[in-house]
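Student: Please take me through a close look at one part of this structure, the metal site. Start with the setting and keep the terms plain.

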Amino acid sequence: MKKRVIILGSTGSIGQNTLEVMDALSDQWEIVGLAAGSRHAELAQQANRWRPEAVAIADSEAGPNLKNALDYAPNVLTGENALYKLVSETDCDCVVSAVVGADGLAATLRAVELGRRLALANKEALVIAGSLLMPLAEQTGATIIPVDSEHSAIFQALHSGKIEEVTRVVLTASGGPFRTWSIEDMAKATLEDALAHPTWDMGPKISIDSATMMNKALEIVEAHWLFDLDAEKIEVIIHPESIIHSMVEYCDGSVIAQLGAPDMRTPIQYALTYPARIPGPAKRLDLTVAQTLRLEVPDETRFPALTLGHEVARQGGTAGAVLNAANEAAVQLFRNGRIRFTDITELTKQALLDHRFIASPTMDELRKADRLARTEVTRCTTC
Ligand code: MG
């Protein structure tokens with residue numbers, strides 16, 4: 001019997017990489033559900049190729065176009081709750097959650113509720129609701145395997161010892177396109193500058209998050225929830241080559257790192273096949289050519305997002321939801337040319353300072369904190 005997988009966010013960068021991995025796994029795995037936000041033409045093309053029993057699109061206006069472009073008759077779900085319904089109604093072994101941002105939260109939570117294996121690329125789900133998601137997984141027996149390359153590396157390195165023997169984890173960061181830029185130059189950076197990531201080929205939101213290093217801030221919070229680590233034990237180091245994907249230091253001084261070519265297909269495949277490893281399509285690390293692996297201490301004056309990441313991991317509660325929502329709203333404003341690049345982190349910081357903190361929030365309170373933070377960020381720029 002083949003294992004059944006649903007891919008949420010199949011038309012995005014991680015989703016497309018997942019489909020390439022599925023090519024290598026197709027004798028053991030079948031795709032039973034594909035879901036996207038609004039890119040109906042790409043989704044239809046993928047569905048016609050992979051023939052899942054259900055297809056979902058969040059944008060209800062794209063529904064008719066999707067249906068017209070399908071050359072078979074799967075169960076088609078459309079509208080705001082389409083992804084949630086897809087996970088609820090389609091029996092599967094694993095859900096790959098690769099939606100970008102808060103939009104992926106409800107369906108991701110549903111997968112955990114149903115006790116599925118969750119291959120989690122949607123880091124925002126953990127940043128917003130890690131305090132609810134992790135205990136829920138424990139209750140339902142859902143296994144959460146990170147797809148984020150750094151967290152996949154830590155997950156793998158943690159197999160070398162016990163969690164109580166860990167003294168710190170070190171998240172590597174490429175430093176993004178502005179690693180060597182001054183604050184003054186960053187203030188003038190264009191969208192094109194911010195999207196030009198030096199080592200990873202990714203979608204626009206995460207590329208901008210890499211440029212502000214907010215991506216690493218989100219990853220600090222993600223690591224905090226995923227591995228139950230105090231903020232003090234999570235460090236960030238700049239590693240421009242993106243070969244060392246992260247490291248774990250144990251109490252005896254040993255540092256275990258996971259290395260590989262910068263290719264998302266490696267962590268995606270591992271999340272699916274864990275604990276097994278199989279040959280796959282990912283690029284190999286070529287050790288026959290000289291490699292320089294640089295490590296640099298990050299400059300939190302130029303990249304204040306990192307400070308926010310640690311603060312939010314320390315605070316917990318509603319802070320993660322606010323960090324994520326404010327950043328998402330600010331990134332959108334920057335993409336629309338409404339604010340300067342450096343305003344993204346500044347507005348996010350302000351939203352964190354201004355919000356009414358709740359230490360043990362319910363899902364509704366998290367949603368409300370998310371909504372208020374978005375409104376505040378958008379309002380700041382109109383006054
Ligand atoms: Mg990452």
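**The magnesium site and its setting**

Tutor: About 16,500 Å² of the protein chain is accessible surface, and 49% of that belongs to carbon and sulfur atoms; such areas come from the Shrake-Rupley method with a 1.4 Å probe, and for residues only the protein chains shown count as cover. The model is predicted, so to speak with limits: local features need pLDDT of at least 70, side-chain atom pairs count only at pLDDT 80 or more, and totals for chains, interfaces and linings use all residues. Residues are numbered from 1 along each chain as its sequence is written, and side-chain values use heavy atoms, with hydrogens and water left out.

The protein chain has 16 helices and eleven strands. These are DSSP runs numbered from the N terminus, with helices (H or I) of at least four residues and strands (E) of at least two. Of its 383 residues, 56% count as buried. Buried means under 20% relative accessible area, exposed over 50%, and partly exposed in between, with a 1.4 Å probe and protein chains only.

Now the site. Which residues supply the protein donors of the magnesium ion? They are Asp148 (OD), Glu150 (OE) and Glu219 (OE), at 2.0 to 2.2 Å from the ion. A donor here is an N, O or S atom within 2.8 Å of the metal (3.2 Å for Na, K and Ca); water is not among the atoms, so sites may look incomplete. Along the chain, the donors follow the spacing D-x1-E-x68-E. Glu150 is in helix α7 (residues 149–157) and Glu219 is in helix α11, 69 residues apart, so this pair links distant parts of the chain. Both Glu150 and Glu219 are buried.

Helix α11 (214–227) also leads to another detail. The loop between α11 and β9 (234–238) holds Asp228, which has a positive phi of about 55° although it is not a glycine. Is Asp228 buried or exposed? Asp228 counts as exposed, because its relative accessibility is 67%.

After β9 comes a second case. Ser242 is in the loop between β9 and β10 (244–250), and its phi is near 55°, a positive value in a residue other than glycine. Ser242 is buried, with a relative accessible area of 4%.

Further along the chain, the peptide bond from Tyr274 to Pro275 is cis, with omega near 5°. Pro275 lies in the loop between α12 (265–273) and α13 (305–315).
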